[in-house]
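Here are my notes on this one, written as numbered points you can follow with the model open beside you. Take them one at a time and find each spot on screen as you go.

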Amino acid sequence: MLGTDQITAKSESAAYTHSKREFRGAWIQCVNGQFLGMSTQKMQQTLTYQLDELQKQGVNAIIFQVRPECDALYESRIEPWSRFLTGKQGVPPYPYWDPLKWMVEQSHKRGMELHAWINPYRAKTTTTKELASNHIVTRKPLNAFAYAGQYILNPGIEENREYICNVVGDILRRYDVDGLHIDDYFYPYPAAGHVIPDESLYRSCSNGIGNISDWRRYNVNLFVKQLHDTISAVKPWVKFGVSPFGIYRNKRNDPNGSETNGLQNYDDLYADVLLWVNNGWVDYCVPQIYWQIGHSAADYKTLIKWWNKNASARPLYIGEDIERTVKYEGTDDPSVNQMPAKFRLHRELPNVNGTVLWYAKAAVDDIGNYGTMLREVYWKYPALQPRMPFIDGKAPKKVRRVKDVWTKDGLMLFWTAPKGKGWMNEASKYVVYRFDRGEKINLENPAKIIALTGDTFLKLPYKDGSRRYVYVVTALDRMHNESKPVKRNVKL
């Protein structure tokens, strides 16, 4: 007899339609301390295992936390090594290695994008007891304020915006990252009994803004625009993404808000996310809709529909909490969890272009069969990244000289990169499709993708030469614009 999860997988697989383009991300965080106390070898082994499992589950983008508190999980001349890597801030890893450099290489080897995730303003978490001598708060204590056991770089100080953008520019110049990602820590989350100590700064440089809430939003807006411009100037192909808290505004505060009753980006974190999306200051948006369908104050279904309607000016991906999803019963069938219902909403809503998993290890550990369902149903076939024509919408030229050749390693399919100069025209990856002889060539069917590779060759599964297939190769540029196809008939 099949178990419940297997029955679900079979029925879902039969009914589920797959998209060829979809952002399939996973957050790998360090602030939970999962790497503390690990040797270099052990951390690399742990990350290798996670990346291998995520690749099997169909993940095509890793969002890796590299700057949790004005520190670095990479070699930096600006900020100290993170204590979340070595146990003590400012102490380099031993044996020495650069986690960001390593993660870029390992992700790219697996056909995944790597987005460097920074926390722009947070300068000290509540559990950090000692700051390094070269930490920004140690060097310039007046640039930060204390709040509920944390230090926050004051968003009202122009020098702080310049400093963060300088850090980001340094990352982009030295690492081949595909994206730069910030989360929902702008002004601090409200804490009972604590007040943000910026009243005097507001009075001295209000810029004519009538109240302190609007002034704080103005400060964050300036920063987001400046960060976007910094990224565009240094490496225009690097995608700038933000993952805000899941509620923009409640309807009781704004008639255009959602039918919810919780903390708000706009009012409580001073983050006007829709302004950034509609002005094109971010390249993708990942609202953290971590609640379950049926939550009394923040219903998942209500929120995903709200974001689908209101945040479509830029690609919209949904931040999913794996543990909460598998904890609650399905809305139609209480014998299964809420994963099928949530993924059906993703498919039904036209402006939802992807998913980001909170958090990667929960998928790797296959909590509630979540990872298995990704692998066998929802992300069974490869997916290209969603298009971003506002960065670059022109496809590269098609590949050249596609041929099958016998080598000492077996039958290989070879091709030559297309001609093209500059990041907008050069091929960075290739898609290889396979069709039966006489079958209609449909490049929109992701089930026909057999490889997404950075190589210009592919080993073919030769048996006895009795079967005929049509192989199709296309080129992708950095923004995953796809070239025209080139076919090759092959006997296997």
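1. A bit of vocabulary to start: a helix axis here is a line fitted to the C-alpha atoms, over the stretch in contact, and the angle between two axes runs from 0 to 180 degrees between their N-to-C directions. Two packed helices are described by the angle between their axes and the distance between the axes. Keep in mind that this is a predicted model.

2. Let's try that on α13 and helix α15 (residues 370–378). Their axes come within 12 Å and cross at roughly 45°. That angle makes α13 oblique to α15, since angles under 35 degrees count as roughly parallel and 65 to 115 as roughly perpendicular. The crossing, as α13 passes α15, is right-handed.

3. Which residues of α13 and α15 meet? On the α13 side look for M339, P340 and F343, and on the α15 side for Y370, M373, L374 and Y378. Sorted by class, this contact has seven nonpolar residues, no polar and no charged.

4. Now stay with α13, residues 339–348, and turn to helix α11, residues 300–310. This pair packs at an angle of about 20°, and the axes are 11 Å apart. α11 and α13 are therefore roughly parallel to each other. Here too there is a handedness to note: α11 passes α13 in a right-handed crossing.

5. Who makes the contact between α11 and α13? From α11 come Y300, K301, I304 and K305, while α13 brings K342, L345 and H346. The mix for α11 with α13 is three nonpolar, one polar and three charged residues. Set that beside the contact of α13 with α15, which has seven nonpolar residues and no charged ones.

6. On to the pockets. The largest pocket holds about 620 Å³ of space. Its lining has 32 residues, and R110, G111, M112, K429 and L452 are the ones nearest the centre. What do the residues of this lining divide into? The split is 10 nonpolar, 10 polar and 12 charged.

7. Which element gives the largest share of that lining? The answer is β15, with four residues. If you want to trace the wall of the largest pocket, look at α2 (40–56), α4 (99–109) and β15 (449–453), as each of them supplies at least two lining residues.

8. The second largest pocket has a volume of about 370 Å³. It is lined by 21 residues, with W117, D183, D184, Y185 and W358 closest to the centre. This lining divides into 10 nonpolar, eight polar and three charged residues.

9. Last, some backbone oddities. Most residues other than glycine have a negative phi, and most peptide bonds are trans. Where are the cis bonds here? One joins Y94 and P95, with omega about -10°; P95 sits in the loop between α3 (83–86) and α4. Another joins W358 and Y359, with omega about 5°, and Y359 is in the loop between β11 (352–358) and α14 (360–364). You have already met W358, close to the centre of the second largest pocket.

10. One more backbone spot to check is D366, in the loop between α14 and α15. D366 is not a glycine, yet its phi is positive, at about 60°.

Conventions:
Residues are numbered from 1 along each chain as its sequence is written. This is a predicted model: local features need pLDDT of at least 70, side-chain atom pairs count only at pLDDT 80 or more; totals for chains, interfaces and linings use all residues. Side-chain values use heavy atoms; hydrogens and water are left out. Angles under 35 degrees count as roughly parallel, over 145 as roughly antiparallel, 65 to 115 as roughly perpendicular and the rest as oblique. A crossing is left-handed if the near helix is turned anticlockwise from the far one by less than a right angle, and right-handed if clockwise. Contact means heavy atoms within 4.5 Å. Ala, Val, Leu, Ile, Met, Phe, Trp, Tyr, Cys and Pro count as nonpolar, Asp, Glu, Lys and Arg as charged, and the others, Gly among them, as polar. On a 1 Å grid over the protein atoms alone, a cavity is a set of points where a 1.4 Å probe fits but cannot get out, and a pocket is an open set with protein on both sides within 12 Å along at least five of seven lines; lining residues have an atom within 4 Å of a point. Grid points are joined across faces, edges and corners, and a volume is the space filled by probe spheres set on the points.
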